[in-house]
Amino acid sequence: MEITVDQMYNIENKGHDMGFLKKFMMENAGAAAVRRLLEKIGNAESKNILIFVGLGNNGGDGLVMARHLAGYGAKVTVMLLGSPDKIKTEESNWNWSILEKMPSVKLMSGDSLEFNFKPDVIIDGILGTGITGEIREPYASAINYINETDCYKFAVDVPSGLDPQTGETANIFTKCNMTVTFHKMKEGIPKRKDLTGELYAEKIGIPPEAEEGIL
Ligand SMILES: NC(=O)C1=CN([C@@H]2O[C@H](COP(=O)(O)OP(=O)(O)OC[C@H]3O[C@@H](n4cnc5c(N)ncnc54)[C@H](OP(=O)(O)O)[C@@H]3O)[C@@H](O)[C@H]2O)[C@@H](O)CC1
Ligand SMILES: [K+]
């Protein structure tokens, strides 16, 4: 079953109000995404994984993935597309502050896209269901970098620049090898399998009762 982005936000908010906090949803989303990624690339040990994260909760999912991948021995670099004080949500901030205590994960922020390694995997945690309009900097440069780099590419929730509701693309968008969306498939995502690559919808523990009156 496919649902709308509005329904997703309503379900998320109802789950949060029931006490299944967005912070828990984010944790389960990141963990499920890592499971699918590792199923594909096998051993993460000493693999160079570059994670681009936006300032919203799509980025938050990417921050959770960073922590889990470090636990599997990957060499993780997080590129925050903005300054840490501009991170939008409590649940995303929470995950950033954990990473700040983890020397095993390299944290970068700002807009220089200079890296001293070739990534084996790039994770696109730039934009998800909160996308609005044409892509602004520094997200645009990050999307171009991802498209120009030859490696395995994984999209958190939806390839950035693809509208998960309409299936339309903004002026630029990532083309990925795998996409993991959360809770249920959103209507627009399956329209562009050429951008999503292998596509999965993973449950993240939201109580089914959170859908009552919405689906
Ligand atoms: N639903 C669920 O159950 C769960 C959802 N989860 C995750 O949350 C994600 C939704 O998070 P979200 O609402 O924070 O929006 P998100 O996609 O991060 O983008 C907002 C940021 O992007 C920016 N921005 C927007 N458009 C832009 C543009 N054109 N060009 C440049 N920037 C642009 C915007 O900036 P602003 O417009 O505010 O200035 C803001 O900073 C969802 O995709 C999933 O991954 C999981 O945690 C699990 C549970
Ligand atoms: K994304």
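**Exercise 1. The surroundings of ligand 1**

How far is a nitrogen atom of ligand 1 from an N or O atom in the side chain of Glu12? Work this out in the predicted model, and then describe what else surrounds the ligand.

*Solution.* Begin with Glu12, where an N or O atom of the side chain lies 2.6 Å from a nitrogen atom of ligand 1. Next, turn to Tyr9, which has a polar side-chain atom 2.7 Å from an oxygen atom of the ligand. A further step brings in the backbone, since a polar backbone atom of Arg136 is found 3.0 Å from a nitrogen atom of ligand 1. On its own the ligand has 940 Å² of accessible area, and the protein covers 86% of that area. Finally, list the neighbours: 25 residues surround ligand 1, and the closest are Tyr9, Glu12, Lys88, Gly128 and Asp157.

**Exercise 2. The potassium site**

Find which residues coordinate the potassium ion (ligand 2), and determine how the donors are spaced along the chain.

*Solution.* First collect the side-chain donors, which are OD1 of Asn58, OD of Asp124 and OG of Ser160. Then add the O atoms of Asp124, Leu127, Val156 and Val158, and note that the donor distances run from 2.7 to 3.2 Å. Written along the chain, the donors of this ion follow the spacing N-x65-D-x2-L-x28-V-x1-V-x1-S. Two of these residues show how distant parts of the chain are linked, because Asn58 belongs to helix α3 (residues 57-71) and Val156 to strand β6 (residues 152-156), 98 residues apart. Both Asn58 and Val156 are buried.

**Exercise 3. Two cysteines**

Decide how many disulfides the model has, and explain why Cys176 does not bond to Cys151.

*Solution.* Recall that a disulfide is a covalent bond between the sulfur atoms of two cysteines. The cut-off needed here is that the two sulfur atoms must be within 2.5 Å. By this rule the count is zero disulfides. For Cys151, which is in no disulfide, the nearest cysteine sulfur is that of Cys176, at 9.5 Å. Because this separation of 9.5 Å is too far for a bond, the sulfur of Cys176 remains unpaired with its closest counterpart in Cys151. As a last step, consider exposure: Cys151 is buried at a relative accessible area of 14%, and Cys176 is likewise buried, at 6%.

**Exercise 4. Backbone geometry in the loops**

Identify which peptide bond is cis, and then examine the phi angles of Ser46 and Asp157.

*Solution.* It helps to keep in mind that most residues other than glycine have a negative phi, and that most peptide bonds are trans. The bond from Glu137 to Pro138 is cis, with omega near -5°, and Pro138 sits in the loop between β5 (121-125) and α5 (139-148). Ser46, a residue other than glycine, has a positive phi near 55°; Ser46 is placed in the loop between α2 (22-41) and β2 (48-53), and is partly exposed, with a relative accessible area of 46%. Asp157 also has a positive phi, near 70°, and its place is in the loop between β6 and β7 (178-182). Asp157 is buried, with a relative accessible area of 8%.

**Exercise 5. The annotated domain**

State which residues UniProt lists for "domain: YjeF N-terminal", and describe that span in the model.

*Solution.* The UniProt record, an unreviewed entry, gives residues 8-212 for this domain. In the model, the span is 34% helix and 19% strand, and its end C-alpha atoms lie 12 Å apart.

Conventions:
Residues are numbered from 1 along each chain as its sequence is written. Chains are lettered from A and ligands numbered from 1 in the order in which they are written. This is a predicted model: local features need pLDDT of at least 70, side-chain atom pairs count only at pLDDT 80 or more; totals for chains, interfaces and linings use all residues. Side-chain values use heavy atoms; hydrogens and water are left out. Buried means under 20% relative accessible area, exposed over 50%, partly exposed in between (1.4 Å probe, protein chains only). Donors are N, O and S atoms within 2.8 Å of the metal (3.2 Å for Na, K and Ca); water is not among the atoms, so sites may look incomplete. Helices (H or I, at least four residues) and strands (E, at least two) are DSSP runs, numbered from the N terminus. UniProt positions are given in the numbering used here, feature names are shortened, and annotations may be inferred rather than shown by experiment. A residue is near a molecule or strand if one of its heavy atoms lies within 4 Å of it. A polar contact is a pair of N or O atoms within 3.5 Å; within protein, one must be able to donate a hydrogen and the other to accept it, and residues adjacent in sequence count only if both atoms are side-chain atoms. Accessible areas come from the Shrake-Rupley method with a 1.4 Å probe; for residues, only the protein chains shown count as cover.
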